[in-house]
Amino acid sequence: MEVTPSILTVDFCELGRTLDEAAAAGINWFHMDVMDGNWVVNKTITFGPALIRSARERLGPEAFIDCHLMVNNAEESWDQYVDAGVDMVIAHIEAVEDFPRLIENLHSAGVQAGCVLNPDTPVEAVMPLLPELDLVLVMSVVPGKGGQSFMPEVEGKVRAFRAAIDSQEEAGGKSPILMIDGGIKDHNAATVSEWGIDIAVVGSGLINDSGTIAENLESIHLALAK
Ligand code: DX5
Ligand code: ZN
């Protein structure tokens, strides 16, 4: 299982250094948490395309950057993130009217399309999109902030997506990446990996907990190797 840092709980005055530190620790996938001050329950604002453009300039063309759009207008604003240099747009099924159309737009713009669902959204809301998606993101916290407690009750949803993706691939279809986001640390990383997760988003567990990013990443890798 791969680990990608959530860019949300960073000290934004130190963002460049944090990105450099993560890259030096061998991280190549970066998860940019975009909030518009409206869509998430606690009405937080984080950042928009301008900061992502700076991150792309800092990280260079080789890095993989996704943006997790926790916004009301993903169907109108997705192209700003493409212009800013993301490789993938991950939008909420709860916030998008016409998801198939959004996937089509993203693919024609040459970027990958991800769909994310909240802890209380059933898998049935996303399953019909599986043949076209490049990634499914299962939230294991309620979107809005970092440092929240992991919600183990999403296990059934993760396992259902794992089984559906595996049978889709066996039938010759796409194999979307299965990602989890929220409350992932070294003590539960092996659990979600066993559930079938390909990539875990880790915010506070990499960036804010004691230790450097490299040390925190190492403790997750050690937990996975057990
Ligand atoms: C929450 C974000 C998550 C969060 C993860 O709305 O989507 O990416 O920042 O942070 P931790 O790992 O601290 O839960
Ligand atoms: Zn996120």
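Helices here are DSSP runs of H or I with at least four residues, numbered from the N terminus. Keep that in mind for the exercises below, and remember that this is a predicted model.

**Exercise 1.** What phi does Gly 26 take, just after helix 1?

*Solution.* Start by finding helix 1, which covers residues 15–24. Now step just past helix 1: Gly 26 has a positive phi of about 95°.

**Exercise 2.** Which residues of helix 1 are buried, and why do they line one face of the helix?

*Solution.* Take buried as under 20% relative accessible area. Leu 15, Gly 16, Thr 18, Leu 19 and Ala 22 are buried in helix 1. Looking down the axis of helix 1, these buried residues sit within an arc of 165°, so they line one face. The general background: an α-helix has 3.6 residues a turn, so residues three or four places apart point the same way.

**Exercise 3.** What do the buried residues of helix 1 pack against?

*Solution.* Go through the strands, then the helices. The strand partners are strand 1 (2–7) and strand 2 (29–35). The helix partners are helix 2 (49–59), helix 7 (204–207) and helix 8 (213–225).

**Exercise 4.** What radius of gyration would a compact globule with 226 residues have, and what does the chain have?

*Solution.* The globule value is near 17 Å, and the chain has 16 Å, which agrees. Next, check the extents: the C-alpha trace spans about 40 × 40 × 35 Å along its principal axes. Finally, look at burial: 54% of the 226 residues count as buried.

Technical notes: Residues are numbered from 1 along each chain as its sequence is written. Chains are lettered from A and ligands numbered from 1 in the order in which they are written. This is a predicted model: local features need pLDDT of at least 70, side-chain atom pairs count only at pLDDT 80 or more; totals for chains, interfaces and linings use all residues. Side-chain values use heavy atoms; hydrogens and water are left out. The radius of gyration is taken over C-alpha atoms; the globule rule is 2.2 Å times the number of residues to the power 0.38. Buried means under 20% relative accessible area, exposed over 50%, partly exposed in between (1.4 Å probe, protein chains only). Helices (H or I, at least four residues) and strands (E, at least two) are DSSP runs, numbered from the N terminus. The arc is that of the directions from the helix axis to the C-beta atoms. Contact means heavy atoms within 4.5 Å.
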